[in-house]
Amino acid sequence: MPSWIGAVILPLSGLLLSLPAGAEVKARSCGEVRQAYGAKGFSLADIPYQEIAGEHLRICPQEYTCCTTEMEDKLSQQSKLEFENLVEETSHFVRTTFVSRHKKFDEFFRELLENAEKSLNDMFVRTYGMLYMQNSEVFQDLFTELKRYYTGGNVNLEEMLNDFWARLLERMFQLINPQYHFSEDYLECVSKYTDQLKPFGDVPRKLKIQVTRAFIAARTFVQGLTVGREVANRVSKVSPTPGCIRALMKMLYCPYCRGLPTVRPCKNYCLNVMKGCLANQADLDTEWNLFIDAMLLVAERLEGPFNIESVMDPIDVKISEAIMNMQENSMQVSAKVFQGCGQPKPAPALRSARSAPENFNARFRPYNPEERPTTAAGTSLDRLVTDIKEKLKLSKKVWSALPYTICKDESMTAGAANEEECWNGHSKARYLPEIMNDGLTNQINNPEVDVDITRPDTFIRQQIMALRVMTNKLKNAYNGNDVNFQDTSDESSGSGSGSGCMDDVCPTEFEFVTTEAPAVDPDRREVDSSAAQPGHSLLSGSLVCIVLALQRLCR
């Protein structure tokens, strides 16, 4: 005989003795509870057909009940699982936002770098031919370092760019002076004159500012998406405390034990339970909102003055213009280098007498727009930024809003219209206690969940710290400053690639500065409004001279 049968007989026999003669006793059926319990996938073997005494219950009211001890244990575990799934489902939007947008931005930036490298290679092969191919490692190293920086490598962008121009000067200096032989020591001396002589004009200075700001912003923004993704994934996987599990069982399944499986919890009752169970998650909100604000600021930089797409797309033309500047000033540069480094030794006669083939076509021919590589990842940076800004704004206050989002669901609570016909934790009636405020310290008087406000969740505190560190890096990136992602010894200090500020003037923190992009003609050359540029024939003629000189060395 099942144990619950005896529990039914004894109370009923006592009740019969106390009733007047002729009165009928009709025990309440547990039919609805059996049906609802079975629908959850549980066995019906130990469920009573009628209510039994409830002295054995540890969580639900110890009155006449349809629950056995085994049922209460199983339903308690069920309430825990349902709560964990509820939190994960409710935070689905914010998690998928960071996962999918991180993937899109990362694909875009990587493809943008690949396209820029391919564009430069194709154009320089057409323009300089074998001479470029024999010196292509200088340019390949540039893109390798840019990619390494973007993927989190310990690269100082300013030093790397300075090294690129110094190496290019060494190669160019040999090519425009093929009548001389230069030792390694002499070439090292030549590279020291890069800043003083400005052989490439103003291109290196401008490009350094543009590249450092754009890459700092791009890398930091993608790092921010990574941190947001990881924090959201971790926080959405909750581990309810024993006190929370008791409160969840009492709210979700004690109505089953009272024979009221269709009665849902009162909305305010649900809010107090969820605020107690998610108190630590709510404390994440302040730092999360600051993090989102910082992400939005850097996003505005990405679509404004720090737009990496507008920097990388014309980088081949900018470097080519720098080479032409070098050629145009080759005599003055050579004279000053000879004066500072000494007169070099003459090259062997055979080498200095070499000349270029007559049919070599060195006319500079930049790509037409339709010949440019397809847009990276099938989209544009502006479209990506517009999309992510909308999603980021929607993810603010997501953690403190979890209780409200969960409890407004009609499948979860009875709703405001049924305040008298809902489960209040004891019976089907109005829920009277006041709603608690958000956060751990405000749960000291929570009537539903036993919360120890003196012991903040260590795991949540770790996520708060991760957000705080990332927010600081985003603020630095907004102002054009880089922070080494491996350096956590002093989160307030900038290190790495410097500020990229022009003339030692930086915008104050969180002060938006709008910069006018230079006008660009159809051939993608920047147009200086303050001075007339040489015509295409002059540029072509200059390039012919440099190619002839380069070809002599190659021969």
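**Exercise 1.** Is Arg 258 buried or exposed? State its salt-bridge partner and place the pair in the chain.

Solution. The model is predicted, and every value below is computed from it.

Step 1. The relative accessible area of Arg 258 is 17%. The cut-off for a buried residue is under 20%, so Arg 258 counts as buried.

Step 2. The partner of Arg 258 is Glu 63, and the closest N and O atoms of this salt bridge are 3.1 Å apart.

Step 3. Arg 258 sits in the loop between helix H12 (254–257) and helix H13 (267–277), while Glu 63 sits in the loop between helix H2 (31–39) and helix H3 (69–90). The two residues are 195 residues apart, and the pair links distant parts of the chain.

Step 4. Glu 63 has a relative accessible area of 41%, so this residue is partly exposed.

**Exercise 2.** Find how many salt bridges the whole structure holds, then describe the pairs Asp 482 with Arg 219 and Asp 438 with Lys 275.

Solution.

Step 1. A search of the whole structure gives 28 salt bridges.

Step 2. Asp 482 and Arg 219 meet through their side chains, with an N to O distance of 3.6 Å. Asp 482 belongs to the loop between helix H22 (458–478) and strand E3 (519–520), and Arg 219 to helix H10, so the salt bridge ties together parts that are 263 residues apart in sequence. Both residues of this pair are buried.

Step 3. For Asp 438 and Lys 275 the N to O distance is 2.9 Å. Here the loop between helix H21 (402–407) and H22 carries Asp 438, helix H13 carries Lys 275, and the separation is 163 residues.

Step 4. Lys 275 is buried because its relative accessible area is 4%. Asp 438, at 32%, counts as partly exposed.

Step 5. Some salt bridges share partners: Arg 101, Asp 387 and Lys 391 are joined in this way into one network.

**Exercise 3.** Describe how helix H7 packs against helix H10, and classify the residues in contact.

Solution.

Step 1. Two packed helices are described by the angle between their axes and the distance between the axes. For H7 (residues 157–176) and H10 (residues 203–235), the angle is about 145 degrees and the axes are 10 Å apart.

Step 2. The crossing of H7 past H10 is right-handed.

Step 3. H7 contributes Leu 157, Glu 158, Leu 161, Asn 162 and Trp 165. Among the residues they meet in H10 are Val 203, Pro 204, Leu 207, Lys 208 and Phe 215.

Step 4. Sorted by type, the residues of this contact are 9 nonpolar, 2 polar and 2 charged.

**Exercise 4.** State how many disulfides the structure holds. For Cys 30 with Cys 66, Cys 189 with Cys 341, and Cys 270 with Cys 407, give the handedness and the place in the chain.

Solution.

Step 1. The structure holds 7 disulfides.

Step 2. Cys 30 and Cys 66 are joined with an S to S distance of 2.1 Å. The link is left-handed, with -90 degrees about the S-S bond. Cys 30 lies in the loop between helix H1 (3–18) and H2, and Cys 66 in the loop between H2 and H3, 36 residues apart. Cys 30 and Cys 66 are both buried.

Step 3. The sulfur atoms of Cys 189 and Cys 341 are 2.0 Å apart, and this link is left-handed at -90 degrees. Cys 189 is in helix H8 (residues 184–191) and Cys 341 in helix H18 (residues 330–341), so the disulfide ties together parts that are 152 residues apart in sequence. Cys 189 is partly exposed at 21% relative accessibility, whereas Cys 341 is buried at 19%.

Step 4. Cys 270 and Cys 407 form a disulfide with an S to S distance of 2.0 Å. At -80 degrees about the S-S bond, the link is left-handed. Cys 270 in helix H13 and Cys 407 in helix H21 are 137 residues apart. Cys 270 and Cys 407 are both buried.

**Exercise 5.** Locate Thr 68 and state whether this residue is buried or exposed.

Solution.

Step 1. Thr 68 is placed in the loop between H2 and H3.

Step 2. The relative accessibility of Thr 68 is 6%, so Thr 68 counts as buried.

Step 3. Glu 51 is 17 residues from Thr 68 along the chain, and the C-alpha atoms of the two are separated by 9.9 Å.

Note on methods. Residues are numbered from 1 along each chain as its sequence is written. This is a predicted model: local features need pLDDT of at least 70, side-chain atom pairs count only at pLDDT 80 or more; totals for chains, interfaces and linings use all residues. Side-chain values use heavy atoms; hydrogens and water are left out. Axes are lines fitted to C-alpha atoms, for helices over the stretch in contact, and angles run from 0 to 180 degrees between N-to-C directions. Helices (H or I, at least four residues) and strands (E, at least two) are DSSP runs, numbered from the N terminus. A crossing is left-handed if the near helix is turned anticlockwise from the far one by less than a right angle, and right-handed if clockwise. Contact means heavy atoms within 4.5 Å. Ala, Val, Leu, Ile, Met, Phe, Trp, Tyr, Cys and Pro count as nonpolar, Asp, Glu, Lys and Arg as charged, and the others, Gly among them, as polar. A salt bridge is a side-chain nitrogen of Lys or Arg within 4 Å of a carboxyl oxygen of Asp or Glu. Buried means under 20% relative accessible area, exposed over 50%, partly exposed in between (1.4 Å probe, protein chains only). A disulfide is a pair of cysteine sulfur atoms within 2.5 Å.
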